Amino acid sequence: METTAEAMKAVAAVGEVFGRRFELETFPWGADHYLKTGVTMPPNGYAMLRDQFDAIFIGALGDPRVADNRHARDILLGTRFELDLYVNYRPVKLLHERLCPLKNRSTADVNFVVFRENTEGLYVSVGGRFKAGTTDEIAIQEELNTYKGVHRIVRHAFEFAAANGRRSVCMADKSNAMAEGHALWQRVFRELAPQYPGIQPRHLYIDALALLMVQNPAQFDVIVTNNLFGDIITDLAAALQGGLGLAASGNLHPGRTSMFEPVHGSAPPLAGKNVANPMGAILSAALMLDYLGLRAEAAVIEAAVQEAVATGNGTQEIGGSLGTRETGDFIALQIRKPRGETQVDAVPEAVPDAAADRQPIGSAANPEEHQ
Ligand code: IPM
Ligand code: MN
């Protein structure tokens, strides 16, 4: 919640700079609402999100008062499934070398993108518990892999690489042990790779990928993997860029209403204390604007975050002394600085097929004027 407020501050600031008005609507869905009303998502919730909005921004979920995490499953995983947001897009970019926990790494060494399949795998809740609570309990949770599901995420990874000048796509699975489900990943990867002759295909078992990501992250460009493996390695990857507080993500169905969220969870020990790092949320808002075709706006937000990191204007865990709100204020101030004073870094990478189908929202101000 706290980090979301700072992300919206950044969106408002960039809207002012570019002369755009963003219409924001806020929904109270979350643990408080669930505990008060018993409702996680209203019955028409998913359809409303899909039909009435250009994009969804979601804050961190998870609350010790909801032991089974029911609200997070319905709201976050439910929206991923119901809106068929099959691409979990998690860019991993080190903004300053001092943030990397590895020795002697430059920002160029940690700059890759993970595409996590987001609608199937082990997340589909197929299975059940038999004789639950007894010493004979049997718990089964099936992993679902479909040709269509695997094909569209692997294809997306290649398309993204091709559209953004990335050189290699690494597919990670565990086909040495999971010989059925992951044979499908192998098959799809072998089918698709030859269609992208300019891009080097590489396969790694997920355990080896985890090792190599720590030993030498510079070798990675684009990584594509399944839902659970993607969940795990994007936490590892977040550590390489300075921690979960900095990691951004998008849940996409290219061309359709998509959802953006920081990778971090609700961090109960930090909640409400004005200490959480809002940068992951703010960078997620930048991904959202980029997805909506507002690339210059997104670049300005990214550059402002970069400036905050470079000048030590951040929260304590990244070496700063600011609170959540003060970090958000500093970044909003950088965004409002007349262009030319703030260096606009490289424009963020384009999501294939996304911008093409969409009209930028808000007024028709020409973004180029503000460069
Ligand atoms: C994430 C989170 C979620 C996931 C949890 C909250 C269910 O860890 O977005 O990475 O596992 O997908
Ligand atoms: Mn996760």
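A residue is called buried here when its relative accessible area is under 20%. Keep that cut-off in mind as we walk through this predicted model, beginning with its cysteines and then turning to its ligand.

**The cysteines**

Is Cys100 buried or exposed? With a relative accessible area of 8%, Cys100 is buried, because that value falls under the 20% cut-off. The same reasoning serves for Cys170: its relative accessible area is 2%, so Cys170 is buried as well.

How many disulfides does the structure hold? The count is 0. Cys100 takes part in no disulfide, and its nearest cysteine sulfur, belonging to Cys170, is 19 Å away. Seen from the other side, Cys170 is likewise in no disulfide, with the sulfur of Cys100 as its nearest cysteine sulfur at 19 Å. A disulfide would need the two sulfur atoms within 2.5 Å, so this pair does not qualify.

**The ligand site**

Now for ligand 1. Which residues surround it? They are Arg80, Arg90, Arg116, Tyr123, Asp231 and Glu261. Sorted by class, this shell has 5 charged residues, 1 nonpolar residue and no polar ones. Oxygen atoms of ligand 1 make polar side-chain contacts with residues including these:

| Residue | Side-chain atom | Distance to an oxygen atom of ligand 1 |
|---|---|---|
| Arg80 | N or O atom | 2.7 Å |
| Arg90 | N or O atom | 2.9 Å |
| Tyr123 | polar atom | 2.5 Å |

On its own, ligand 1 has 320 Å² of accessible area, and the protein covers 75% of it.

Definitions and conventions
Residues numbered from 1 in each chain as written. Chains lettered and ligands numbered in written order. Predicted model: local features only at pLDDT ≥ 70, side-chain atom pairs only at ≥ 80, totals over all residues. Heavy atoms only, no water. Near = heavy atom within 4 Å. Polar contact = N/O pair within 3.5 Å; in protein donor to acceptor, adjacent residues only side chain to side chain. Areas by Shrake-Rupley, 256 points an atom, 1.4 Å probe, with all protein chains shown as cover. Nonpolar A, V, L, I, M, F, W, Y, C, P; charged D, E, K, R; others polar. Buried < 20%, exposed > 50% of the residue type's maximum accessible area, 1.4 Å probe, protein only.
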